[in-house]
Amino acid sequence: MRLVVIGCGGMGTYHMKKFSKLGATIVGAIDKDKSKLEKLGKIYPLEFALDNVEDLEKYRDRFDCISIAIVDSLHLVVAKKVSKYRVPIFMEKPFAYDLESTRDIESYMKSPLTINFSKRNFSGIYLLRDFLYKNEFGKIISIESSYIQSWIKSKCWGDYHLDNRWNWRVNPAISCYGVLGDLGSHVIDTLLLIFPNLKFNSILNSKELDEPLFDKIENHKIYTSIEFELEAKGIPVNVKLSYEGDSEDEFEIKVMCENGTLIFNNNLRDRLIYKNDEISKTLINSDEVISTYQQFMNLVDKKINNKIDLTQALIVQQMLDTVIVNDRRS
């Protein structure tokens, strides 16, 4: 598999690392920062390094697929430009800047498109789903989900006032609603994997960036924290997202059932914690999960159907925008 990566920041280089470990060849890189291209040229056998995506036309017979790892506002702008090559595209989440930017995507998208909802790569998620489908712990009473990071509060990843690697997350010109689009898209996608019929209920509380770092954009909020309630067949689902937590990076789903509580946490990876009034034990998933990266390689190699299906990505984007619309009204 010959891969071109568009956007060579933190996530772009991570894509290169993951795909190369799986056997892909990184043949091209595109980024406006030429210093990044020079560094990557010393690590990977690049056949070409470009600072303009339009120049990719010259090399259209030298790659099999494309990875897009750029800011949210440019996801579909660039996807539209490269879809003409009709090769599979792997794109970092969220799907888009907002729902409006997806309006005519089906008219121009000619390539199979995979969104990197990478929290699906934890096998503990599928163990949780299996237990709930089998109804092994009785009726579900309520669900709590959260994704908490601390990078604004602790500056553990650097000072976002000075480092462009992070401040794009809170720039309304390019970010999909701050923490809502960034961490929230992962949570919503994972919840939909377990509970396909999610509905929006209400906003509980929210906090927008209170520093004058960037000009505000009307109707495009940038959250540093937000809490809202969804519903899955009558079951309340609490969602809490924050860039200002005490934990450096923690994604958790807690399902309260009649006979105990099941807890998934990203630090557990392939296991769950089960608790009731008497015991606490660890449940392990021995089944291997095919990662989003391997699934994409299988798509490129035509080991799985390469039919264009944007349904899941659009559902997640619709939910993000539903939260925004209801917060405007509250």
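How many helices and strands does the secondary structure of the protein hold? The secondary structure comes to 11 helices and 14 strands, where helices (H or I, at least four residues) and strands (E, at least two) are DSSP runs numbered from the N terminus. The model is predicted: local features need pLDDT of at least 70, side-chain atom pairs count only at pLDDT 80 or more, and totals for chains, interfaces and linings use all residues. Residues are numbered from 1 along each chain as its sequence is written, and side-chain values use heavy atoms, with hydrogens and water left out.

## Overall form

The radius of gyration of the protein is 20 Å, close to the 20 Å that the globule rule gives for 330 residues, so the protein is as compact as a globular protein of that length. This radius is taken over C-alpha atoms, and the globule rule is 2.2 Å times the number of residues to the power 0.38. Along its principal axes the C-alpha trace spans about 65 × 45 × 40 Å.

The protein exposes about 15700 Å², of which carbon and sulfur atoms supply 45%; accessible areas come from the Shrake-Rupley method with a 1.4 Å probe, and for residues only the protein chains shown count as cover. Of the 330 residues, 54% are buried. Buried means under 20% relative accessible area, exposed over 50%, and partly exposed in between (1.4 Å probe, protein chains only). Among contacts (heavy atoms within 4.5 Å) between residues at least 6 apart in sequence, 67% join residues at least 24 apart.

## The six-stranded sheet

One open sheet has six strands in the order β3-β2-β1-β4-β5-β6, with parallel pairing. Two strands pair if DSSP finds at least two bridges between them. At the edges stand β3 (48–50) and β6 (113–116), each with a single partner strand, so one side of each is left without a neighbour in the sheet. Neighbouring strands here are turned by 20° against each other on average, direction ignored; axes are lines fitted to C-alpha atoms, for helices over the stretch in contact, and angles run from 0 to 180 degrees between N-to-C directions.

Strand β4 (residues 65–68) pairs with β1 (residues 2–6) over four bridges and with β5 (residues 89–92) over three bridges. I68 in β4 stands opposite I6 and also opposite M91 in β5, while I66 has I89 of β5 as its bridge partner. C65 and S67 point one way from β4, I66 and I68 point the other way, and all are buried.

## The eight-stranded sheet

The other open sheet described here has eight strands in the order β8-β9-β10-β7-β11-β12-β13-β14, with mixed pairing. Its edge strands are β8 (198–208) and β14 (280–284), each of which pairs on one side only. The average turn between neighbouring strands is 15°, direction ignored. Helix α5 (residues 123–134) packs on this sheet and touches β7 (140–149), β11 (249–257), β12 (260–265), β13 (271–275) and β14; the direction of α5 makes about 155° with that of β12.

Strand β9 pairs with both β8 and β10, as the table shows.

| Strand pair | Sense | Bridges | Opposed residues |
|---|---|---|---|
| β8 and β9 (residues 223–232) | antiparallel | nine bridges | S206 and I226 |
| β9 and β10 (residues 235–242) | antiparallel | eight bridges | I226 and L241 |

L198 of β8 also stands opposite A232 in β9. Nine of the 10 residues of β9 are buried, so β9 is largely enclosed by the rest of the structure. β9 and β10 form a hairpin with two residues between them, and K233 in the turn has a positive phi of about 50°.

## Helix α9 and residue S145

All of helix α9 (residues 184–194) is buried, 11 of the 11 residues, so the helix is largely enclosed by the rest of the structure. Its buried residues include H186, V187, D189 and L191.

What does S145 touch, not counting residues up to four places away in sequence? S145 lies in strand β7 and counts as buried at 2% relative accessibility. S145 touches V187, L191, V237, N238, V239, K240, E252 and I253.

## Cysteines

The structure holds zero disulfides, a disulfide being a pair of cysteine sulfur atoms within 2.5 Å. C176 is buried with a relative accessible area of 0%, and C257 counts as buried at 8% relative accessibility.
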